[in-house]
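The following exercises concern a predicted model. Each sets a task and then works through the solution in steps.

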Amino acid sequence: MKPGDIIRSHVDIPLIPVDPCDGDAHPVGALPVGTTVCLMELQPGTGAIRCRTAGASATVIRRGKLVGDPTAMSVADMSADHLNDLTDDHVVMLRNNGNRKLLRLLPNCMVVVGQVSNEEHNKERFSKFGEKKWRGIKQRSGLWQRKTGRFGRKIRPIGPPLNCVTPPLPAGKLILKYTRPGDPEYTREKERRLHALMHPVPNERPPAPVPQKSNGLPTSQPLFRWCSWASVR
């Protein structure tokens, strides 16, 4: 890019990928494979979340064959149940150039073509130890030693992609499931009921009590009978 260039924003997703220019904003589904992008949305309309730091970028590595197809159902018109069942033919895969992480995005997520400027920001040298503190940068403690590679390095495979296709749950419907192997089941069930009573969901009826041995109907309780201590022993 150079001073005087016109920066445009586009919203169309054609069947044939476009020829992008640096600085233009496109839906990620409109870009060809191999395009370098930055300032990515993980959900349509939420704004740029990934690749915002100096020198950050990502690369489009796969574009589904049904992306931009006018005969296929539009992703914007799909319900939450349909989004959960989307295959790789309807989405776009990206790879973060920094940590090599994979991202699985909807084709209508907006991205900016190109790379964030100031790529050499992490190679800046400081004259003294306290200069980072002057600039508000957190200092790292400990002695850094260059790894020689004498004993080799374990090459770890790239993990599964971050799936951003599934819509997030609303705040009132977030469900956390966890188990502690040391506690019995009745203790965990009691804690779950207590948490449900202390954090009620708006516009939802509280759970009805379940009849058990201690809180059942009077007819279901065992009959009380006096007895002597000798008979108990």
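**Exercise 1. A residue with positive phi**

In which loop does Asn118 lie? State also its backbone angle and its exposure.

*Solution.* Step 1: Asn118 is located in the loop between β6 and α2. Step 2: its phi is near 60°, which is a positive value in a residue other than glycine. Step 3: the relative accessibility of Asn118 is 48%, so the residue counts as partly exposed, given that this class lies between 20% and 50%.

Leu39 may be treated in the same manner. Leu39 belongs to the loop between β2 and β3, and its phi, near 50°, is again positive in a residue other than glycine. With a relative accessible area of 32%, Leu39 is partly exposed.

**Exercise 2. The order of the strands**

Determine the order of the strands in the sheet and identify the edge strands.

*Solution.* Step 1: the open sheet is formed by 7 strands, whose order is β1-β6-β2-β3-β4-β5-β7, with mixed pairing. Step 2: β1 (25–27) and β7 are the edge strands, since each pairs on one side only.

Step 3 examines individual pairs. Strand β2 (residues 36–38) and strand β6 (residues 110–113) run antiparallel and are joined by 2 bridges; Cys38 stands opposite Val112 in β6.

**Exercise 3. Strand β5 and its two partners**

Describe how β5 pairs with β4 and with β7, and state whether its faces are covered.

*Solution.* Step 1: on the β4 side, strand β4 (residues 92–96) pairs with β5 in the antiparallel sense, over 4 bridges. Arg95 has Leu102 of β5 as its bridge partner. The hairpin of β4 and β5 has 5 residues between the strands, and Arg100 in this hairpin takes a positive phi near 65°.

Step 2: on the β7 side, β5 pairs with strand β7 (residues 162–163) in the parallel sense, over 2 bridges. Here Leu103 has Leu162 of β7 as its bridge partner.

Step 3: Leu102 and Arg104 lie on one side of β5 (residues 102–105), and Leu103 and Leu105 on the other. All of these residues are buried, and both faces of the strand are therefore covered.

**Exercise 4. The nonpolar core**

Which residues have the most contacts inside the largest nonpolar core, and which strands each supply at least two of its residues?

*Solution.* Step 1: the largest nonpolar core has 24 residues, and those with the most contacts inside it are Val28, Val37, Met40, Leu94 and Leu105. Step 2: at least two residues of this core come from each of β2, β3, β4, β5 and β6. Step 3: for Val28, with residues up to four places away in sequence not counted, the residues touched are Val60, Val92, Leu94, Leu106, Pro107, Cys109 and Val111. As general background, nonpolar side chains tend to be buried together in soluble globular proteins.

**Exercise 5. A buried acidic residue**

Account for the surroundings of Glu41: which side chain of opposite charge is nearest, and which backbone nitrogens does the side chain of Glu41 reach?

*Solution.* Step 1: Glu41 lies in the loop between β2 and β3 (58–63). Step 2: Glu41 is buried but has no salt bridge, and the nearest side chain of opposite charge is that of Arg52, 11 Å away. A salt bridge would require the nitrogen and the carboxyl oxygen to be within 4 Å.

Step 3: the Glu41 side chain reaches the backbone nitrogen of Gly47 at 3.2 Å and that of Met110 at 3.1 Å. Step 4: apart from neighbours within four places in sequence, the contacts of Glu41 are Thr46, Gly47, Ala48, Leu105, Cys109 and Met110.

**Exercise 6. Salt bridges**

How many salt bridges does a search of the whole structure find, and which residues are linked with Arg135 in a network?

*Solution.* Step 1: the search finds 5 salt bridges. Step 2: Arg135 forms a salt bridge with Glu124, with the closest N and O atoms 2.6 Å apart. Arg135 is in the loop between α2 (131–134) and β7, while Glu124 is in the loop between β6 and α2, so this pair ties together parts that are 11 residues apart in sequence.

Step 3: Arg135 also meets Glu131 in a salt bridge of 2.9 Å, N to O. Glu124, Glu131 and Arg135 are thus linked in a network. Step 4: Glu131 counts as buried at 12% relative accessibility, whereas Arg135 at 44% and Glu124 at 35% count as partly exposed.

Conventions
Residues are numbered from 1 along each chain as its sequence is written. This is a predicted model: local features need pLDDT of at least 70, side-chain atom pairs count only at pLDDT 80 or more; totals for chains, interfaces and linings use all residues. Side-chain values use heavy atoms; hydrogens and water are left out. Buried means under 20% relative accessible area, exposed over 50%, partly exposed in between (1.4 Å probe, protein chains only). Two strands pair if DSSP finds at least two bridges between them. Lys and Arg count as positive and Asp and Glu as negative; His and the chain ends are not counted. A polar contact is a pair of N or O atoms within 3.5 Å; within protein, one must be able to donate a hydrogen and the other to accept it, and residues adjacent in sequence count only if both atoms are side-chain atoms. Contact means heavy atoms within 4.5 Å. A nonpolar core is a set of buried Ala, Val, Leu, Ile, Met, Phe, Trp, Tyr and Cys residues joined through side-chain atoms within 4.5 Å.
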